[in-house]
Amino acid sequence: MTNYREVYGEILADHHECPRNWGKLTDATEEEKGYNPLCGDQVTLFLKMTGNKLEKCTFEGEGCSICMASASIMTERVQGHTSEEVAKMVEGFREKMQGAEVVAGMPSETDEDDIVALYGVKRFPVRIKCALLPWTTLKKGLEHHEHP
Ligand code: ZN
């Protein structure tokens with residue numbers, strides 16, 4: 001049987017070392033900062049909204065490997081979706097991290113999906129905020145887009 005702990009560790013390490021969608025977005029329509037005082041994680045998201053659609057999402061920041069990997073995995077997942085869809089993903093991810101077994105629309109623990117690597121973080125309660133930070137920051141950014 002595969003050692004899932006090792007596999008998940010590798011996926012997170014890969015996203016940490018080679019973050020996807022890293023860097024400022026020159027044509028961003030929203031910029032949103034998030035901070036997790038428990039760990040010192042800082043993340044800045046750059047969103048390009050076209051109407052209701054999140055065309056692009058990039059990030060910069062400084063934080064622990066879990067936070068940076070989570071941001072990288074998140075940006076890959078949310079691009080091209082409407083703000084309603086993204087809000088559902090953020091909520092779904094939060095529910096998974098808070099221990100929900102099955103969440104509609106979210107991959108399950110046995111699926112082959114990078115986001116599943118993040119689910120493993122819930123075994124370390126103090127790190128859940130690290131994984132959630134990019135997602136809650138994205139939610140704030142979308143809210144600011146709708147209610148400037
Ligand atoms: Zn952290």
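## A zinc site, a four-stranded sheet and a buried helix

Strand 3 and strand 4 pair in the antiparallel sense, joined over two bridges. They belong to an open sheet of four strands, ordered 1-2-3-4 with antiparallel pairing. This is a predicted model, and the points below take you through the sheet, the helices on it, the zinc ion and the cysteines.

**The sheet**

- Strand 1 (30-36) and strand 4 (81-82) stand at the edges with a single partner strand each, so one side of each has no neighbour in the sheet.
- To see strand 4 meet its partner, look for Lys53, which stands opposite Thr82 in strand 4.

**Helices packed on the sheet**

- Helix 2 lies across strand 2, strand 3 and strand 4, and runs at about 170° to strand 3.
- Helix 5 (residues 128-146) also packs on the sheet, where it touches strand 1, strand 2 and strand 3. The direction of helix 5 makes about 145° with that of strand 1.

**A closer look at helix 2**

- How many of the 14 residues of helix 2 are buried? The count is 11, so this helix is largely enclosed by the rest of the structure.
- Among the buried residues of helix 2 are Ile66, Met68, Ile73, Met74 and Val78.
- You can check the length of helix 2 yourself: at 1.5 Å a residue, its 14 residues should span 20 Å, and its end C-alpha atoms are indeed 20 Å apart.
- Just after helix 2 comes Gly80, which takes a positive phi of about 90°.

**The zinc ion**

- Which residues are the protein donors of the zinc ion? They are Cys39, Asp41, Cys64 and Cys130, with donor atoms lying 2.2 to 2.6 Å from the zinc ion. The three cysteines each use SG, while Asp41 is listed twice through OD.
- Along the chain, these donors follow the spacing C-x1-D-x22-C-x65-C.
- Asp41 lies in strand 2 (residues 41-50) and Cys64 in the loop between strand 3 (53-62) and helix 2 (65-78), so this pair ties together parts that are 23 residues apart in sequence.
- Buried or exposed? Asp41 and Cys64 are both buried, whereas Cys39 counts as partly exposed, at 35% relative accessibility.

**Cysteines and disulfides**

- A disulfide is a covalent bond between the sulfur atoms of two cysteines.
- Searching the whole structure turns up zero disulfides.
- Why is Cys18 without such a bond? The closest cysteine sulfur, in Cys67, is 17 Å from the sulfur of Cys18, which is too far for a bond.
- Cys18 is partly exposed, with a relative accessible area of 43%, while Cys67 is among the buried residues of helix 2.

Methods. Residues are numbered from 1 along each chain as its sequence is written. This is a predicted model: local features need pLDDT of at least 70, side-chain atom pairs count only at pLDDT 80 or more; totals for chains, interfaces and linings use all residues. Side-chain values use heavy atoms; hydrogens and water are left out. Donors are N, O and S atoms within 2.8 Å of the metal (3.2 Å for Na, K and Ca); water is not among the atoms, so sites may look incomplete. Buried means under 20% relative accessible area, exposed over 50%, partly exposed in between (1.4 Å probe, protein chains only). Two strands pair if DSSP finds at least two bridges between them. Contact means heavy atoms within 4.5 Å. Axes are lines fitted to C-alpha atoms, for helices over the stretch in contact, and angles run from 0 to 180 degrees between N-to-C directions. A disulfide is a pair of cysteine sulfur atoms within 2.5 Å. The expected span of a helix is 1.5 Å times one less than its number of residues.
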